[in-house]
Amino acid sequence: WSRREAAYGIEHCRPALVVCDARRRHLLPADLPAPVLAMETDIPRLSREFPGSEFESPDLVEDDVAVMLYTSGTSGFPKLVMHSHRNVITAVDFMRFNDETVRVLGAPQAAARRFLLITPLFHISGLHNLVVPRLALGDTTYVYTGRFDIDRILAIVERERITNWIGSPTTLQRLAQCTTIGNYDLSSLTMIAAGSAAVPPALADRVIEALPVLRHSLATTYGQTECSTAATFALPSEREAFPDSVGLPTANM
C-alpha cells in the first residue's frame with residue numbers, strides 16, 4: 001500500500017492496535033489513533049514476557065466478524081471484505097473436503113505434509129487457503145519471507161522436504177524456466193496448486209515437463225476475497241480434460 005492507502009485503511013477500519021515492521025513504519029499516519037507494535041522488537045519481547053498466558057474466551061457467535069481483508073480490482077480505494085467466523089470455518093471445511101477428494105482419487109500424497117507459503121497473509125491465498133487450514137488440520141507450514149527467488153525456493157523445498165506448494169502463474173513460470181532445477185532434490189514435492197490468475201495450458205505442460213511427478217497432482221483454482229476461499233477447483237483429471245477451465249464450483253460454494 002501507498003501512504004495514502006494506508007491512511008485510508010486505518011481511518012476506514014479504525015484499528016485498536018497496529019502491528020508493523022520497520023520497513024513500512026513510514027507509511028503510517030503521524031496522527032495514528034492506535035498504539036503500534038514493532039514486529040522486530042515488541043512481538044518477540046512480549047512473547048517472552050507472557051509465556052503460557054491464557055486468553056479470556058470472547059462472547060461471540062459464528063456470524064460475528066473474524067477477519068477483515070481489503071481487496072481491489074477497481075481504480076478507487078481498496079474495498080473491505082468482512083469474513084465471519086463461519087466463513088473461516090467454511091474455508092477449513094473446503095480444504096478438508098478437498099484433501100479427502102484427492103485421497104480417494106489416488107493422487108500422490110505425503111504421509112506428513114509440509115506446505116510452502118510464499119503468498120502474503122493479507123491475501124486469502126496465504127491466509128484462508130493455507131495458514132488457517134493447516135493450523136486446524138495439523139500440517140506444517142514453512143513461511144517464506146523476502147523477494148521471490150526460485151533457487152532459494154528450490155533449496156528450501158530440498159532442505160525442508162516440502163510436499164505441497166501453492167503458487168501463481170508467475171511463480172510457475174519461474175519454475176518452468178529454471179535452468180538449475182536439476183541441482184536440487186525435489187523428490188518430496190508431490191503437489192502444486194496454482195491460483196491468483198489463469199494458468200495457460202502451455203505453462204502447465206512446461207511445469208509438468210520440468211517436474212513429471214506433477215502430471216497427476218497439478219491443480220488449478222479460482223477464488224475471490226469475497227468468497228473467503230476458493231470458488232472453483234480443477235483436479236488434475238479435470239484440468240487435462242478441459243485445459244482452459246478453472247474447474248467446478250467447490251462443494252460449499
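**Entry 1: T232**

I began with T232, which I found in strand β10. I note at the outset that the model is a predicted one. Is T232 buried or exposed? Its relative accessible area is 12%, and because buried means under 20%, T232 counts as buried. I then listed its contacts, leaving aside neighbours within four places in sequence. T232 touches T221 and Y222, and also V246, G247, L248, P249 and T250.

**Entry 2: H26 and T250**

T250, one of the contacts of T232, served as one end of a distance check. The other end was H26, in the loop between β1 and β2 (36-38). H26 is partly exposed, at a relative accessible area of 48%. I looked up the C-alpha separation of H26 and T250 and got 41 Å, for two residues that are 224 residues apart along the chain.

**Entry 3: the largest pocket**

Next I turned to the pockets. The largest pocket has a volume of about 2,000 Å³. Its lining is made of 40 residues, and those nearest the centre are V19, R24, P120, L121 and F122. Which elements give two or more residues to this lining? I noted α1 (3-13), β1 (18-20), β3 (65-71) and α6 (169-177). The largest share comes from α1, with five residues. By residue class, the lining of the largest pocket holds 26 nonpolar, eight polar and six charged residues.

**Entry 4: the second largest pocket**

For the second largest pocket I have a volume of about 510 Å³. It is lined by 32 residues, and N129, I166, A193, G195 and T221 are the closest to its centre. T221 had already come up as a contact of T232. Two or more lining residues come from each of α3 (85-104), α4 (127-137), β7 (164-167), β8 (191-194), β9 (218-223) and β10 (230-234). I recall that β10 is the strand that holds T232. Which element gives the most to the lining of the second largest pocket? It is α3, with five residues. The lining of the second largest pocket divides into 17 nonpolar, twelve polar and three charged residues.

**Entry 5: salt bridges**

Side chains of opposite charge can pair when their charged atoms come close. How many salt bridges does the structure hold? I have 14 for the structure.

I looked at E11 and R14, whose side chains meet in a salt bridge at 2.8 Å, N to O. E11 is partly exposed, at 47% relative accessibility. R14 is exposed, with a relative accessible area of 60%.

I then followed R86, which forms a salt bridge with E62 at 3.2 Å, N to O. R86 lies in helix α3 and E62 in the loop between α2 (42-49) and β3, so this pair ties together parts that are 24 residues apart in sequence. R86 is partly exposed at 40% relative accessibility, and E62 is partly exposed at 38%.

R86 also forms a salt bridge with D63, with the closest N and O atoms 2.9 Å apart. D63 is in the loop between α2 and β3 and R86 in helix α3, so this pair ties together parts that are 23 residues apart in sequence. D63 is exposed, with a relative accessible area of 52%.

My last note on charges is a network: D99, R113, R134 and D139 are linked by salt bridges.

**Entry 6: helix α5**

I closed with helix α5, residues 150-160. Which of its residues are buried? I, noting them in order, have I150, I153, L154, I156, V157 and E160. They cover an arc of only 155 degrees around the axis, which puts them on the same side of α5. An α-helix has 3.6 residues a turn, so residues three or four places apart point the same way. What covers the buried residues of α5 includes β5 (114-117), β6 (140-143), β7 and α6. Two of these elements were already in my pocket notes: α6 is among those that give two or more residues to the lining of the largest pocket, and β7 is among those that do so for the second largest pocket.

Technical notes. Residues are numbered from 1 along each chain as its sequence is written. This is a predicted model: local features need pLDDT of at least 70, side-chain atom pairs count only at pLDDT 80 or more; totals for chains, interfaces and linings use all residues. Side-chain values use heavy atoms; hydrogens and water are left out. On a 1 Å grid over the protein atoms alone, a cavity is a set of points where a 1.4 Å probe fits but cannot get out, and a pocket is an open set with protein on both sides within 12 Å along at least five of seven lines; lining residues have an atom within 4 Å of a point. Grid points are joined across faces, edges and corners, and a volume is the space filled by probe spheres set on the points. Helices (H or I, at least four residues) and strands (E, at least two) are DSSP runs, numbered from the N terminus. Ala, Val, Leu, Ile, Met, Phe, Trp, Tyr, Cys and Pro count as nonpolar, Asp, Glu, Lys and Arg as charged, and the others, Gly among them, as polar. Buried means under 20% relative accessible area, exposed over 50%, partly exposed in between (1.4 Å probe, protein chains only). Contact means heavy atoms within 4.5 Å. A salt bridge is a side-chain nitrogen of Lys or Arg within 4 Å of a carboxyl oxygen of Asp or Glu. The arc is that of the directions from the helix axis to the C-beta atoms.
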